[in-house]
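Colleague: I'd like to go through this one with you before I set anything up. Can you put it on the screen?

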Amino acid sequence: MQIVVLKELAADENRVALVPESVKKLVAAGNKVFLETGAGLLAGASDIDYEQAGAEISSNREELLHKADVLTAINRPDEEVLSKLKKGTIVVALLRPLDEPEKLQAFIENDLTAISLEMIPRTTRAQAMDVLSSMATIAGYKAVLLATEKLPRMLPMMTTAAGTIPPARVLIVGAGVAGLQAIATARRLGAVVEGFDIRAAAGEAVRSLGAKFLELENVNAEGEGGYAKEVGEEVMESARELLTKTAANADCIITTAQVPGKRAPILITKDAVEAMKRGSTIIDLAGSNGGNCELSKPNEIVNHNGVFIYAPTNLAATIPVHASQLFSRNVTAFCNLLAKDGALNLDFSDDILNGSCIAHRGEIRNERIKEILAVS
Ligand code: NAD
């Protein structure tokens with residue numbers, strides 16, 4: 001299998017899809033890996049590191065694209081790149097198929113096989129390939145660090161000669177992978193933490209990290225595959241009411257609530273922001289899907305009456321070494337699934353390949369995406 005990695009072109013993208021450690025493993029398994037010059041530099045890996053791992057380096061994009069049986073990337077490659085690939089090339093990346101399904105057209109037109117890393121089933125067997133969890137872990141951690149940088153106070157309780165400083169109060173909304181990592185990080189830094197989710201099962205995980213779980217009575221919105229499902233307006237109103245009350249005492253709120261394929265639910269209203277103390281901070285990790293806070297603007301810092309609201313859309317890319325390392329390990333595990341003895345072997349009876357392959361031989365092959373495209 002010939003695997004190609006290009007330099008990511010997005011302005012805020014510092015990650016690379018494969019790091020040298022993984023190249024070495026893929027080459028040992030009988031694959032060839034080709035890399036665009038400088039593709040790993042921002043993630044701490046030089047061309048020499050890649051060459052030593054067994055990759056071939058080239059600055060000729062077109063030539064690289066012609067060689068690819070598999071093109072792997074962090075973000076969906078642009079239409080120009082897709083149009084230069086051979087028919088049948090497998091593209092493995094974060095393709096945002098539920099958020100931007102119309103962008104899949106280029107895969108159909110160019111007869112490419114599209115693997116969406118977001119659509120890998122959240123099963124035990126697929127854990128080693130779970131890019132969403134890897135990136136959410138990093139974003140949850142970094143969100144707390146960002147908050148501490150913006151907050152005009154410290155997180156831990158401190159007893160000093162000048163008296164005692166109480167710990168900061170942190171509220172985490174959405175206790176999935178990112179939320180739980182944010183809870184763990186804020187707890188390590190000594191904050192008093194409360195967590196909220198509409199999946200009742202999240203309660204145990206929140207409590208096990210030493211945080212208080214805020215619960216809505218008789219609500220458990222657990223849907224398919226452990227994800228949350230959309231809830232009605234009545235439940236959303238009760239959630240907002242509970243969060244507005246809690247926000248008034250919080251120094252910092254980190255929101256991570258998402259429902260796959262839907263706009264992120266608005267949980268922190270303008271009223272909730274106005275109930276917060278001056279200097280409080282909200283980090284909204286749902287910014288790329290519309291945000292959990294009514295006042296969020298993606299990648300902008302909003303100052304509303306002295307409360308800072310920040311919704312960074314690509315936090316994982318701000319820790320490129322570890323983000324690339326985890327992404328690369330996930331992609332390598334997936335490449336091992338694509339090949340038998342170093343040769344391509346697409347076995348659609350495998351639930352991981354079947355779930356994540358969303359376009360093949362000129363057709364969308366995922367029912368959910370077909371439905372979304374039919375109604376849009
Ligand atoms: P996600 O990013 O889709 O959503 C983040 C959190 O937001 C979820 O916990 C969700 O319940 C919550 N949420 C959605 N709407 C909400 C609302 N209105 N109010 C409050 N909270 C709301 O989720 P994720 O982090 O990708 O994880 C989804 C699920 O998958 C979790 O149950 C997680 O434990 C599970 N998971 C399983 C595996 C595995 O078994 N391999 C791996 C990773 C995650």
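Modeller: Here we can talk through the ligand site, a helix, two loop residues and the cysteines, keeping in mind that this is a predicted model.

Colleague: Ligand first, then: which residues come nearest to the ligand?

Modeller: There are 23 residues around the ligand, and those that come nearest are Arg122, Ser133, Val177, Asp197 and Arg199.

Colleague: And how does that shell divide into nonpolar, polar and charged?

Modeller: The shell around the ligand holds 11 nonpolar residues, along with eight polar and four charged ones.

Colleague: What about the backbone, where do polar backbone atoms sit relative to ligand oxygen?

Modeller: At valine 177, a polar backbone atom is 2.7 Å from an oxygen atom of the ligand. For glycine 176 the corresponding distance from a ligand oxygen to a polar backbone atom is 3.1 Å, and for glutamine 258 it is 3.3 Å.

Colleague: How much of the ligand does the protein bury?

Modeller: The ligand exposes 840 Å² when taken alone, and the protein buries 84% of that area.

Colleague: Changing topic, what span should helix H11 have, and what does the model give?

Modeller: Helix H11 runs over residues 320-338, which is 19 residues, so at 1.5 Å a residue it should span 27 Å; the C-alpha atoms at its ends are 26 Å apart, in agreement with that expectation.

Colleague: Which residues in H11 are buried?

Modeller: The buried residues of H11 include Pro320, Phe327, Val331, Phe334, Cys335 and Leu338, and polar side chains such as Ser324, Asn330 and Thr332 are also among them.

Colleague: You mentioned cysteines; how many disulfides does the structure hold?

Modeller: It holds zero disulfides. Cysteine 335 is in none, since the nearest cysteine sulfur, that of cysteine 357, is 14 Å away, whereas a disulfide needs the two sulfur atoms within 2.5 Å.

Colleague: Are those two cysteines buried or exposed?

Modeller: Cysteine 335 has a relative accessible area of 1%, so it counts as buried, and cysteine 357 is buried as well, with a value of 0%.

Colleague: Last thing, what is the phi of aspartate 111?

Modeller: Phi of aspartate 111 is near 55°, which is a positive value in a residue other than glycine. Aspartate 111 lies in the loop between helix H5 (105-109) and strand S6 (113-116), and because its relative accessibility is 23%, it counts as partly exposed.

Colleague: And where is asparagine 305 found?

Modeller: Asparagine 305 is in the loop between strand S14 (301-304) and strand S15 (307-310), and its phi is also positive, at about 50°, although asparagine 305 is not a glycine.

Technical notes
Residues are numbered from 1 along each chain as its sequence is written. This is a predicted model: local features need pLDDT of at least 70, side-chain atom pairs count only at pLDDT 80 or more; totals for chains, interfaces and linings use all residues. Side-chain values use heavy atoms; hydrogens and water are left out. A residue is near a molecule or strand if one of its heavy atoms lies within 4 Å of it. A polar contact is a pair of N or O atoms within 3.5 Å; within protein, one must be able to donate a hydrogen and the other to accept it, and residues adjacent in sequence count only if both atoms are side-chain atoms. Accessible areas come from the Shrake-Rupley method with a 1.4 Å probe; for residues, only the protein chains shown count as cover. Helices (H or I, at least four residues) and strands (E, at least two) are DSSP runs, numbered from the N terminus. The expected span of a helix is 1.5 Å times one less than its number of residues. Buried means under 20% relative accessible area, exposed over 50%, partly exposed in between (1.4 Å probe, protein chains only).
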